[in-house]
Number of protein chains: 2
Amino acid sequence: MAQSRTPVLHRDDPEKDPLVGHVKVTREDWLNLARNVLVQEGVGELKILSLSTRMGVSRSSFYWYFKNRADLLAALLDEWEARNTRTIVTHCEMPADDINAAVCNFFRCFVDPALFDRGLDFAVRDWARRDVQVNQRIEAADAQRLEAISAMFARFGYDAYDADIRARILYFMQIGYHAVELREPMEVRMSRLEGFLRGFTGREPTEDTIEAFRVFAMATEARP
Amino acid sequence: MAQSRTPVLHRDDPEKDPLVGHVKVTREDWLNLARNVLVQEGVGELKILSLSTRMGVSRSSFYWYFKNRADLLAALLDEWEARNTRTIVTHCEMPADDINAAVCNFFRCFVDPALFDRGLDFAVRDWARRDVQVNQRIEAADAQRLEAISAMFARFGYDAYDADIRARILYFMQIGYHAVELREPMEVRMSRLEGFLRGFTGREPTEDTIEAFRVFAMATEARP
DNA sequence: GTTTTTCTGGACAGGTGTGTCCATTCATGC
DNA sequence: GCATGAATGGACACACCTGTCCAGAAAAAC
């Protein structure tokens, strides 16, 4: 085969697992590449042959780290669940002086892609349409997130019904924003949200989160 | 081959194209099945072999109606564009007494799946992540929809900036709701929206659409 | 320096997908 | 009743993906 051998992906952070011999790739390398492919091309395009050629490694290497393709997918799903949903829940539980500051905490989840990976979230949401198991996972995740947001409102005096309504408005609007503006450069989005956060804290606190939604919409709208 | 022959899908509505001979399937049959597969399983699973076996017809039949796979995908995309985006635009342009009635018209798009196919919309949105051409189409569609909603608000006295903000809140929340509750039974969703529409028209008109969002959230929240 | 363990390359078998060619079938027009 | 043309079935060539097996290279342990 005359195919030119692509350079091997060596690890850059050997702080963990230094006990392996003849290291060329690691399980983490497979997972990272697989996550990128999942986000950018979907589950259907997540193929072992494709991954191995991109890493410049034989397919056999994959079967050393994972039992099979399903094993890789399960690992990706676990990672998503631990990352995205937990981020939202912990941010909703952060201490805050009033509901406006609490909503502000909620928005902070979506500023740092290391906290909440929106691309991964939609990739999984899409994957769920084709897999009943995954569907159950994301339905549970959505319920858990909505519950956390609702509890956040309840902490500041809203009764259960009003808290639920506000949680749903907030969560749906956030998800919808990401669905539509998914491919907007992260720098643009971050600068907007940072601007929002600065402007928000400098304002008189309002007695409703309606104003917070309004300011958030201002911050995310297309024009400067 | 001992494979039992599945019964052929005959057309139920021969009102159009009665001039074909030896009719077993039509171009419409291929398109309808392909649309279902696109929505439920994604573009990646849209395979000619799979479609033909489901219709109980040879693969060769496909190549009579379509040039190739790309031809089918283009037809599906055209259909989506004509259906979903045009529905939203026309509903936004409907005459209304005040902004609340106008927002109410907007919501009506999403009651009837024949008007706006939410499953198709998300299938295309997902497809766009893997295809630059499709991405451009859906970005144009989102811009067109937002423009129509914004113009709707502008008709009722909102200046361009406020109209844009409200259009984005409304559209993002709607898209987010569909993204999260996508697999909720349509009857449940319809009964909620119908209840919303009834309750809405029986109320005193408010001077802001904030109240409309609030009532919409009440109508779509999980509890009765 | 040898042995052991860890990891990778290449080949095999089986499955599925695409696009094309051509003989065949069936409804329609004559 | 027969010719015409629309529509289909079946086969060919080619490509891609999965999972498995085993020989062998390279680091680690001794």
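**Exercise 1. Decide what state Cys109(A) is in: how far is its sulfur from the closest cysteine sulfur?**

Step 1. Find the partner candidate. The closest cysteine sulfur to that of Cys109(A) belongs to Cys92(A), at 6.3 Å.

Step 2. Apply the cut-off. A disulfide is a pair of cysteine sulfur atoms within 2.5 Å. The 6.3 Å between Cys109(A) and Cys92(A) is therefore too far for a bond.

Step 3. Check the surroundings. Cys109(A) is buried, at 0% relative accessible area. Buried means under 20% relative accessible area, exposed over 50%, and partly exposed in between (1.4 Å probe, protein chains only).

Step 4. Turn to chain B. Cys109(B) is in no disulfide, and the nearest cysteine sulfur, in Cys92(B), is 6.3 Å away. Cys109(B) counts as buried, at 0% relative accessibility.

Step 5. Close the count. Over all chains, the structure holds zero disulfides.

A note on conventions. This is a predicted model: local features need pLDDT of at least 70, side-chain atom pairs count only at pLDDT 80 or more, and totals for chains, interfaces and linings use all residues. Residues are numbered from 1 along each chain as its sequence is written, chains are lettered from A and ligands numbered from 1 in the order in which they are written, and side-chain values use heavy atoms, with hydrogens and water left out.

**Exercise 2. Describe the fold of chain A: how many helices and strands does chain A have?**

Step 1. Count the elements. Chain A has 10 helices and zero strands. Helices (H or I, at least four residues) and strands (E, at least two) are DSSP runs, numbered from the N terminus.

Step 2. Read the order. Along the sequence the pattern of chain A is α-α-α-α-α-α-α-α-α-α.

Step 3. Add the burial. Chain A has 224 residues, and 50% of them count as buried.

**Exercise 3. Classify the helix crossings: at what angles do the axes cross?**

Step 1. Fix the geometry. Axes are lines fitted to C-alpha atoms, for helices over the stretch in contact, and angles run from 0 to 180 degrees between N-to-C directions.

Step 2. Take helix 1 (residues 27-41) and helix 2 (residues 48-55) of chain A. Their axes come within 11 Å and cross at roughly 120 degrees. That makes helix 1 of chain A oblique to helix 2 of chain A. Angles under 35 degrees count as roughly parallel, over 145 as roughly antiparallel, 65 to 115 as roughly perpendicular and the rest as oblique.

Step 3. Take helix 4 (residues 69-92) and helix 6 (residues 118-127) of chain A. They pack at about 125 degrees, with their axes 11 Å apart. Helix 4 of chain A is thus oblique to helix 6 of chain A.

Step 4. Take helix 4 (residues 69-92) and helix 6 (residues 118-127) of chain B. Their axes come within 11 Å and cross at roughly 130 degrees. Again the label for helix 4 of chain B against helix 6 of chain B is oblique.

Step 5. Assign the hand. A crossing is left-handed if the near helix is turned anticlockwise from the far one by less than a right angle, and right-handed if clockwise. Helices 1 and 2 of chain A cross right-handed. Helices 4 and 6 of chain A cross left-handed. Helices 4 and 6 of chain B cross left-handed.

**Exercise 4. Examine helix 8 of chain B: is it largely enclosed or open?**

Step 1. Check the span. Helix 8 (residues 160-180) of chain B has 21 residues and reaches 30 Å from first C-alpha to last, close to the 30 Å expected at 1.5 Å a residue. The expected span is 1.5 Å times one less than the number of residues.

Step 2. Check the burial. In helix 8 of chain B, 18 of the 21 residues are buried, so the helix is largely enclosed by the rest of the structure.

Step 3. Pick a residue. His178(B) lies in helix 8 of chain B. His178(B) is buried, with a relative accessible area of 1%. Its C-alpha is 8.7 Å from that of Phe122(B), 56 residues apart along the chain.

**Exercise 5. Characterise the ring contacts: how many aromatic pairs does the structure hold?**

Step 1. Count. There are 16 aromatic pairs over all chains. Rings of Phe, Tyr and Trp (its six-membered ring) pair if their centres lie within 6.5 Å; planes under 30 degrees apart count as stacked, over 60 as edge-to-face and the rest as tilted.

Step 2. Take one pair. Phe172(A) and Tyr177(B) are edge-to-face, at 5.3 Å centre to centre and 70 degrees between the planes. Phe172(A) lies in helix 8 (residues 160-180) of chain A and Tyr177(B) in helix 8 of chain B, so the pair joins two chains. Phe172(A) is buried at 2% relative accessible area, and Tyr177(B) is buried at 0%.

Step 3. Take another. Phe62(B) and Tyr63(B) are edge-to-face, at 5.2 Å and 85 degrees. Phe62(B) is buried at 0%, whereas Tyr63(B) is partly exposed at 41%.
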